[in-house]
Structure formats: structure tokens, C-alpha cells
Amino acid sequence: MASALLTTNLPDLTLISRGKVRDIYATSSEDRLLFVATDRISVYDVILKNGIPGKGKLLTGISLFWFRKLRHIVPNHLITVDIDEMPEEVKQYRDQLEGRTMLVKKAKVIPIEVIVRGYLTGSAWGEYKKFGTMHGIRLREGMVESEKLDEPVVTPSTKAEQGAHDENISPQKAAQLIGEELYTRVAGIALDLYMTAAAHALLCGLILADTKFEFGLVPSSNGPEELILVDEMLTPDSSRYWPLAGYSQGNHSQVSTSSMCGII
């Protein structure tokens, strides 16, 4: 079995950031970035010493599937995953990058994470037990863990620096941070994305309990900046999937099928 790729080594490229899972590099094009999904594991925003061989390739493949399937709802930052179509300085690192890298548009990232929840679980369940709310939103009484919400709800959070924890915030707070008009747009798009993806997941025998989306702005030839989807999309790192078979509300042992957080 191949060893896990925990850290990329691309000396002819400029490393911009090394995140929980992804390494991001500048390219010779000012408006293009290289996203590389490593095999690192992040649990509660802490990077573990060991990785999972091939994890980055799996994440990239899943994102690619969803970027293509849902691009009719919102444009995304993906340009290509074909290394032969990438800048010359990237091609020399094919052995590290094959199957785990995306050339993407450089965007001005909107500083919130747009989480859509269809079920009461995770940190939302913890808040509900204490206060009867979810991100400050009042829910009906008597709900149990893993119960399906009456309708999907957008529950934003802040984007924390590496090593820090994202903070759940109310929709009102998110609107204050990025502007009410922009928040209304991203929230509406996120709901459309979630509902379309959740319906497809059910056909595959999976429940999409919740997921997060990130958005950015890029220059547009028409004048106003264009809103696009950035980062990853609907992977097990950013989403909570449950097997449909055997699902029952109130079963707190139900966790993401690929989430180390659930195991811990």
C-alpha cells in the first residue's frame, strides 16, 4: 500500500497556505491557484500525525463529481483537474499531484461558512439540548438527536484560522458580517445545493444530514463581481452522511461514515 501524502513538496511553486487538509500554491497565472488535497486527517480542527493513504484523491474525486453535477445552480472555482492542462511549472510534480489537485480561479473568499442542516445533530444538537435553539434559531420542543428538521435550515459559522475553532453564529450575525443582500444570496444558493444533493444521496442509499459551503467573488466581464462556489464540495470532510438503511431518530451513534470526529 502506498504511504499517505501528509505534506507536499513543490519547491518551484510558492506555498500560500497549508490548511487542515489542503495545500494551496500560487501559479504563474495571477488569477489561478493550485489546490492540493493531502491525506492529512483533521479532528476538531486539530491535524493528526497519521494520514489515510489516498484520502486526498478520494476527496478530489468527490468534489469534482459535485462541481460538475451542480454547476447549473451556481458557478464554481474549478478550472481543470487534468495536469496536462495546468501551467508548465506544475507538470513536473505529476507524481505528487495526480488525482489530488485542482487548478482553480483565485477568488476573494467570503468570510463565513454556510452550513445547511437537514437533521438535528452535531454542535446543533448540543446547543438545542441547552437552549432549545440552533445557531440562535428557536426550534420546536421535544426534538431528539438525529431527528429530521421540518425543513433544511441555513446555519452559518465564522471561518477560523488554522488551529482555532469555527464559531456558530446566527443568520442575523452573518448578515451583519458580509451584508444582508450577499448573505441572502449565498443562503438561498446553499439551500438549493443541499436539497438537490440530498435528493441524489437518497437515491444512493445515503442521508445527507448536513454540509458546509464556502463562496467567493471573482471579477466579471459584465462589471459586478461574480459569486462562485469555492473550496471543496459535499465531501465527507465537509459533510455528514449516514446510511439510509437502519436510520432512526434518537440514535446518537449515527455519525458521518467517514468522520474521525464521530469515532473519537
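Two rings of Phe, Tyr or Trp (for Trp, the six-membered ring) are taken as a pair here if their centres lie within 6.5 Å. With that in hand, look at Y119, W242 and Y247, which form one aromatic cluster. Bear in mind as you go that this is a predicted model.

Let's stay with the rings for a bit. A pair of aromatic rings is described by the distance of the centres and the angle of the planes. Counting by the centre-distance rule gives five aromatic pairs. One of them is Y119 with Y247, an edge-to-face pair at 5.7 Å centre to centre, with 80 degrees between the planes. This pair ties together distant parts of the chain, 128 residues apart: Y119 sits in strand 9 (residues 112-119), while Y247 is in the loop between strand 15 (239-243) and helix 7 (260-263). As for solvent, Y119 is buried because its relative accessible area is 10%, under the 20% cut-off. Y247 comes out at 25%, so this residue counts as partly exposed.

Now for a pair with another geometry: W125 and Y128 are stacked, 5.9 Å centre to centre and 25 degrees between the planes. Here the sequence separation is just three residues, about one turn of the helix, with both residues in helix 4 (residues 122-131). W125 is buried at 15% relative accessibility, and Y128 is buried too, at 9%.

Next, slide over to helix 6, residues 180-203. Do its ends sit where a helix of that length should put them, and what is the span? At 1.5 Å a residue, its 24 residues should span 34 Å, and the end C-alpha atoms are 35 Å apart, which agrees. A good number of names turn up on the buried list for this helix, including L182, Y183, V186, A190, L193, Y194 and A201. After the helix comes G205, with a positive phi near 80 degrees.

From there, head on to strand 13 (residues 206-218), where you'll find F213. Is F213 buried or exposed? Its relative accessibility is 0%, so F213 counts as buried. What is F213 in contact with, leaving aside neighbours within four places in sequence? The contacts are E113, V114, V116, A190, L193, Y194, L229, M233 and L234. Three of those names should ring a bell: A190, L193 and Y194 are among the buried residues of helix 6. Meanwhile E113, V114 and V116 fall within strand 9 (residues 112-119), the strand that holds Y119. Finally, F213 and L234 are 21 residues apart in sequence, with their C-alpha atoms 8.0 Å apart in space.

Technical notes. Residues are numbered from 1 along each chain as its sequence is written. This is a predicted model: local features need pLDDT of at least 70, side-chain atom pairs count only at pLDDT 80 or more; totals for chains, interfaces and linings use all residues. Side-chain values use heavy atoms; hydrogens and water are left out. Helices (H or I, at least four residues) and strands (E, at least two) are DSSP runs, numbered from the N terminus. Buried means under 20% relative accessible area, exposed over 50%, partly exposed in between (1.4 Å probe, protein chains only). Contact means heavy atoms within 4.5 Å. Rings of Phe, Tyr and Trp (its six-membered ring) pair if their centres lie within 6.5 Å; planes under 30 degrees apart count as stacked, over 60 as edge-to-face and the rest as tilted. The expected span of a helix is 1.5 Å times one less than its number of residues.
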